[in-house]
Amino acid sequence: MKKILVAAFLVILMIISSCSGTKSLAGYQQNAETAYREGDYQTAMNDYQQVIEHYEKSDKQKECPVYAKAALCALHLGQTDVAEDLLNKDTYTNFVTGNTYLSLAKIYRKQDNLSKEMMALQSYEEKFPAGEKPDTVNVRLFTIYVESENWEIAEKIWPELSENERADEQMLNQYFKVNKALKKDVMCDQLASRLMKLNKNNTTALEWQAVKYFWQAENLYQTSLKEYNNNKTNKQYMILLKALDVVTADYKKSLDYFNHLYKLDPKPEYAQYLGNIYTRLDEKKTADYYYKLAK
């Protein structure tokens with residue numbers, strides 16, 4: 001009989017202890033949330049840590065509901081490393097939300113860690129495809145793919161951006177860079193035209209057009225001259241003259257673009273091109289002037 005009473009008493013003690021622990025846990029969490037609302041982030045952090053310790057000691061991290069909240073406190077307190085650790089732990093819980101991945105991405109962006117930021121944003125899109133900020137995420141991912149020279153992936157994500165984003169000059173500059181890297185010249189021509197309509201001083205577009213017309217003229221000049229030198233007939237001479245008309249027109253187009261560019265930014269590279277063009281146009285004095293500026 002005594003053994004039965006002792007056993008019953010122990011069971012009651014365990015129940016009371018369990019209830020007391022539950023109340024204590026709920027109390028810490030409630031106190032933490034109150035402190036957070038009042039801007040007392042250190043107190044909130046201390047109480048959230050008590051809750052976290054309970055779950056981690058019980059090896060029930062997956063059921064811990066406060067990692068993200070504690071991370072917010074850490075961020076307010078300037079404890080970025082602590083916040084990063086807490087947010088990473090939150091990704092393994094049943095309570096993880098898209099904001100966890102977005103917060104991690106912000107941390108990695110400040111750290112200038114493109115690869116980790118990219119992975120955080122990719123996880124967000126994969127796990128929360130209907131999230132609150134999908135457009136913002138796509139824009140940032142596109143920029144990261146361009147910066148990291150993942151040209152094919154950047155090209156693939158471009159159609160997923162909104163119409164307004166795809167009409168933005170800065171975004172179009174980046175998309176131009178993608179197509180240039182992928183050697184899609186026709187698309188680059190189209191983008192250069194769009195960029196110059198948006199901004200007549202867009203150096204990306206101006207440089208593309210300037211260099212395009214220069215080499216278009218130069219290649220035709222070299223080819224036509226070589227063909228004439230290999231076959232110096234009257235017929236071939238007339239072909240050369242017609243080709244030179246086209247060449248001159250293209251050199252002048254290139255000249256207009258490079259003159260514009262040089263006024264915007266007097267780079268030695270632009271001066272060299274200008275010297276070459278004036279040489280082809282048989283204006284030696286002007287050519288020499290720009291060659292000096294190119295040194």
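**Aromatic contacts and pockets**

Lys212 sits over the face of Tyr213, 4.6 Å from the ring centre. The model is predicted. Its structure contains 16 aromatic pairs. One of them joins Tyr213 and Tyr257. Their ring centres are 6.2 Å apart and their planes lie at 5 degrees, so the pair is stacked. The cut-off for stacking is under 30 degrees. Tyr213 belongs to helix α12 (residues 203-230) and Tyr257 to helix α13 (residues 234-264), so the contact ties together parts that are 44 residues apart in sequence. Tyr213 has a relative accessibility of 15% and therefore counts as buried, the limit being under 20%.

A further pair is formed by Phe258 and Tyr270. This pair is tilted, with 6.0 Å centre to centre and 50 degrees between the planes. Phe258 lies in helix α13 and Tyr270 in helix α14 (residues 268-280), so the pair ties together parts that are 12 residues apart in sequence. Both rings belong to buried residues: relative accessibility is 0% for Phe258 and 2% for Tyr270. Phe258 and Tyr270 are also members of one aromatic cluster, together with Phe214, Trp215, Tyr251 and Tyr273.

Attention now turns to the pockets. Rolling a probe the size of a water molecule over the atoms shows where empty space is left. The largest pocket holds about 310 Å³ of space. Its lining consists of 15 residues. Arg109, Glu117, Leu121, Thr136 and Arg140 lie nearest the centre of this pocket. Helices α5 (98-110), α6 (114-127), α7 (134-147) and α10 (169-181) each contribute at least two residues to the lining. Helix α7 gives the most, with 5 residues. By class, the lining of the largest pocket comprises 6 nonpolar, 4 polar and 5 charged residues.

The second largest pocket has a volume of about 220 Å³. Helices α10 and α12 each supply at least two residues of its lining. The largest share comes from α12, with 6 residues. The lining is made up of Asn173, Phe176, Lys177, Lys180, Thr203, Thr204, Glu207, Trp208, Val211 and Lys212. These divide into 3 nonpolar, 3 polar and 4 charged residues. Lys212 thus has two roles in this description: it lines the second largest pocket, and it lies over the face of Tyr213. Helix α10 likewise appears twice, in the lining of the largest pocket and in that of the second largest.

Key. Residues numbered from 1 in each chain as written. Predicted model: local features only at pLDDT ≥ 70, side-chain atom pairs only at ≥ 80, totals over all residues. Heavy atoms only, no water. Phe/Tyr/Trp six-rings, centres within 6.5 Å; stacked < 30°, edge-to-face > 60°. Helix = DSSP H or I, 4+ residues; strand = E, 2+ residues; numbered from the N terminus. Buried < 20%, exposed > 50% of the residue type's maximum accessible area, 1.4 Å probe, protein only. Lys NZ or Arg CZ within 6 Å of the ring centre and 35° of its normal. 1 Å grid on protein atoms, 1.4 Å probe; cavity = no way out; pocket = protein on both sides within 12 Å on 5 of 7 lines; lining within 4 Å. Points joined across faces, edges and corners; volume = space filled by probe spheres on them. Nonpolar A, V, L, I, M, F, W, Y, C, P; charged D, E, K, R; others polar.
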